[in-house]
Each structure stands twice: as C-alpha cells, then as structure tokens.
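Visitor: Hi! I have a fold open on my screen and would like a walk through it. Can we chat our way around?
Guide: Happy to. Let's bring it up.
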Amino acid sequence: MNTRGFRSVLRTIESKIGIQCANYKEDYLQRRIQSRMRMNKMTSYSEYNSFLTTQEEEQEALRNALTINVTKFWRDPEVFNIIKRDVLPDIRRRKQKIRIWSAGCATGEEPYTIALMCHEAKVLYPDVEVTIFASDIDREALKKAEKGIYHQKALENLSESQIRRHFNEQQDGTFQVKQHLKDLVKFSRHDLMSGRGVTQYLDIILCRNVTIYFTEKQKDELARIFAPALSEGGYYVMGKTEYMGRDVEHLYEPYNPIQKIYRKKSNG
C-alpha cells in the first residue's frame with residue numbers, strides 16, 4: 001500500500017467531507033476507498049485523491065460509502081419485541097411523554113419501526129405523547145428517510161395487516177409510510193463524532209450496527225455522550241454484534257445483555 005497516498009486521501013476526506021478518519025478502523029477505510037477507486041477505474045491513491053479533491057459528486061459518493069447502513073423494518077425482531085413488550089410499558093408506567101433517539105438512522109427504517117410500534121401501543125395508552133428523533137450524517141439517506149418510500153423487501157418482517165395500516169402502496173410497487181407515522185419522527189443531520197447528543201432527556205437511545213466501523217476509543221466516547229443524554233432509568237440499545245467497553249460499563253447496567261439492551265445506572 002502507498003502509505004503516503006493513502007494518508008493524503010484521508011486528509012482530503014477530513015477537509016472536504018468532514019468525516020474524522022481517526023474514528024474508523026483503517027482496514028475499513030481502505031476497503032471503502034479502494035472500492036470507489038475501482039468504480040472510477042483508478043489504481044493509485046494519488047490519482048484518486050486529485051479526483052476526490054475537485055469532484056463534489058465523488059465526495060458525496062465516498063461519504064455514502066463510508067457511512068453505508070443496510071437495514072430493514074423490524075430488523076432483529078427479538079430486540080424490537082423486547083422494546084415493545086417490556087421497555088415501552090416500563091417507561092409508560094413512569095411517564096406520559098416518551099422521547100426516543102434513533103442514532104445513525106440511515107434511510108429511516110429503524111425510526112419508522114419504532115413509530116409503528118409506538119402508534120400501535122397508543123391504542124393501549126392514548127394519553128402518551130411520543131417523539132422520535134432520528135439522525136444521520138448522510139444527507140441523501142435522510143432525504144430518502146423523509147420521503148419514506150421503500151421496496152417490498154424492506155417490509156418483509158412486517159405482517160400484511162401492519163403494511164395495510166401503516167403504508168400506502170404506490171403504482172410502481174413501492175410502499176410509502178403513512179402520515180400518522182411520519183408525524184412521530186423528527187429527522188435531522190447529526191454527526192455522532194461531534195461530541196454531543198442530538199437532544200437530552202431521552203428515554204431510549206438506539207445506536208445499532210453503526211459503531212462496528214468505529215475505533216474502540218470512539219465507541220467508548222459515544223457511550224459517554226449517550227449516558228447524560230438519557231433520563232434516569234433510560235435505555236441504550238446497541239447492535240447485536242457490538243459490546244460495552246470496560247471503561248464505560250460503569251455508566252450502564254445490563255437489562256437484556258443477550259439482545260444488547262442496557263439501562264443507565266442510577267446516580268443514587
């Protein structure tokens with residue numbers, strides 16, 4: 001590997017795209033950059049760096065490649081079933097306003113899944129007010145999320161009745177999220193590397209399958225950012241393949257460690 005050329009590309013990514021490369025694993029960066037190089041029929045980092053420096057379309061394409069997040073509705077059903085069956089009722093017993101953050105929401109399947117779940121729960125708890133904050137660094141992904149249009153494969157974990165109640169089928173065979181779910185979700189652009197949360201007084205933070213590309217230091221820093229953003233007794237939901245670092249595990253207590261659901265430890 002041409003180390004000098006590779007480092008030049010990383011500096012361009014930081015200056016032009018605004019992504020802090022030190023927070024990502026180096027082999028992950030190499031794979032994503034080399035994939036974009038092959039797409040553009042380039043073999044050297046220096047050639048690609050010159051191209052990347054001047055081409056805004058390529059900057060956006062590389063941003064999307066680095067922040068890619070493949071997802072679907074009700075992904076990892078066991079996790080959502082626990083949230084529906086146990087976590088939401090626990091919060092409901094203590095509060096009438098529930099605030100949830102889907103961090104790294106990509107194209108919106110996760111926050112809309114939460115919205116669907118909460119809307120169905122509101123039949124049981126009509127007095128509950130739910131706000132879902134959904135954020136991502138990728139502008140194009142957020143545009144797709146706000147439109148809320150998905151192919152049928154993304155809905156394969158939903159029942160037919162759920163699809164009928166919460167989606168409008170389009171003429172081209174895609175499905176658009178109905179307005180009653182959109183009304184529960186507030187999308188915004190947010191960089192998880194910024195050192196701050198999207199808001200505070202949250203009851204649940206979901207950050208799943210995002211930090212697998214981060215360094216151990218950055219994973220721990222996120223856990224430190226999330227803890228003060230959570231209300232007393234709030235929940236932190238991680239991805240199935242992720243784990244709580246030893247340096248931050250004192251901030252949380254396991255709620256369902258198999259499904260990677262943790263709870264903020266009481267100050268008392």
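Visitor: How many helices and strands does the protein have?
Guide: There are 10 helices and 10 strands in this protein. Keep in mind that this is a predicted model.

Visitor: And how does the radius of gyration compare with the globule rule?
Guide: It comes to 20 Å, close to the 18 Å that the rule gives for 268 residues, so the protein is as compact as a globular protein of that length. Along the principal axes, the C-alpha trace spans about 60 × 55 × 25 Å.

Visitor: What share of the residues is buried?
Guide: Buried residues are 52% of the 268. As for contacts with a separation of 6 or more, 73% of them come from residues 24 or more positions apart.

Visitor: Let's do sheets. What is the strand order in the sheet of 7 strands?
Guide: The order is β6-β2-β1-β7-β8-β10-β9, in an open sheet with mixed pairing. β6 (185-189) and β9 stand at the edges with a single partner strand each, so one side of each has no neighbour in the sheet. From one strand to the next, the twist averages 20 degrees.

Visitor: Remind me, what holds strands together in a sheet, generally?
Guide: Strands pair through backbone hydrogen bonds, and the pairing is either parallel or antiparallel.

Visitor: Okay, β1. Which strands does β1 run parallel to, and over how many bridges?
Guide: β1 is joined to β2 by 7 bridges, and the two run parallel. In that pairing, R99 stands opposite T131 of β2. β1 also runs parallel to strand β7 (residues 202-207), with 3 bridges between them. There, I100 is opposite I204.

Visitor: Is β1 enclosed or open to the outside?
Guide: Largely enclosed by the rest of the structure, because 5 of the 7 residues of β1 (residues 97-103) are buried.

Visitor: And at the β9 edge, what is the sense of the pairing with β10?
Guide: β9 and β10 are antiparallel, with 4 bridges. Y252 stands opposite K264 in β10.

Visitor: Which helix lies across β2 and β6?
Guide: That is helix α7 (residues 139-147), which runs at about 165 degrees to β6.

Visitor: While we're at β2, is S135 buried or exposed?
Guide: S135 sits in strand β2 (residues 129-136) and is buried, with a relative accessible area of 0%. Leaving out residues up to four places away in sequence, S135 touches W101, S102, A103, G104, C105, L142, S188, H190 and V198.

Visitor: What about K41, buried or exposed?
Guide: K41 is exposed, at 75% relative accessible area. You'll find K41 in the loop between α2 (26-39) and α3 (45-54). If you want a pair to click on, K41 and L158 are 41 Å apart, C-alpha to C-alpha, and 117 residues apart in sequence.

Visitor: Switching to helices: at what angle do α1 and α4 pack?
Guide: Helix α1 (residues 3-17) and helix α4 (residues 56-66) pack at about 105 degrees, with axes 11 Å apart. That angle makes α1 roughly perpendicular to α4.

Visitor: Which residues make the contact?
Guide: On α1 they are I13, K16 and I17, and on α4 they are Q59, L62, R63 and L66. By character, that contact divides into 4 nonpolar, 1 polar and 2 charged residues.

Visitor: Now backbone oddities. Where does D76 lie, and what is its phi?
Guide: D76 lies in the loop between α4 and α5 (77-94). Its phi is positive, about 60 degrees, although D76 is not a glycine. Most residues other than glycine have a negative phi. D76 counts as buried, at 19% relative accessibility.

Visitor: And K260, what is its phi?
Guide: K260 also has a positive phi of about 60 degrees without being a glycine. K260 is in the loop between β9 (252-256) and β10 (261-264), and at 14% relative accessibility K260 counts as buried.

Visitor: Last one: in what order do the strands of the sheet of 3 come?
Guide: β3-β5-β4, in an open sheet with antiparallel pairing. β3 (149-150) and β4 (167-169) are at the edges, each with a single partner strand, so one side of each is left without a neighbour in the sheet. β4 pairs with strand β5 (residues 175-177) over 3 bridges, and E169 has F175 of β5 as its bridge partner.

Methods. Residues numbered from 1 in each chain as written. Predicted model: local features only at pLDDT ≥ 70, side-chain atom pairs only at ≥ 80, totals over all residues. Heavy atoms only, no water. Axes fitted to C-alpha atoms, helices over the stretch in contact; angles between N-to-C directions. Parallel < 35°, antiparallel > 145°, perpendicular 65-115°, else oblique. Contact = heavy atoms within 4.5 Å. Nonpolar A, V, L, I, M, F, W, Y, C, P; charged D, E, K, R; others polar. Pairing = 2+ DSSP bridges. Rg over C-alpha atoms; globule rule 2.2 N^0.38 Å. Buried < 20%, exposed > 50% of the residue type's maximum accessible area, 1.4 Å probe, protein only.
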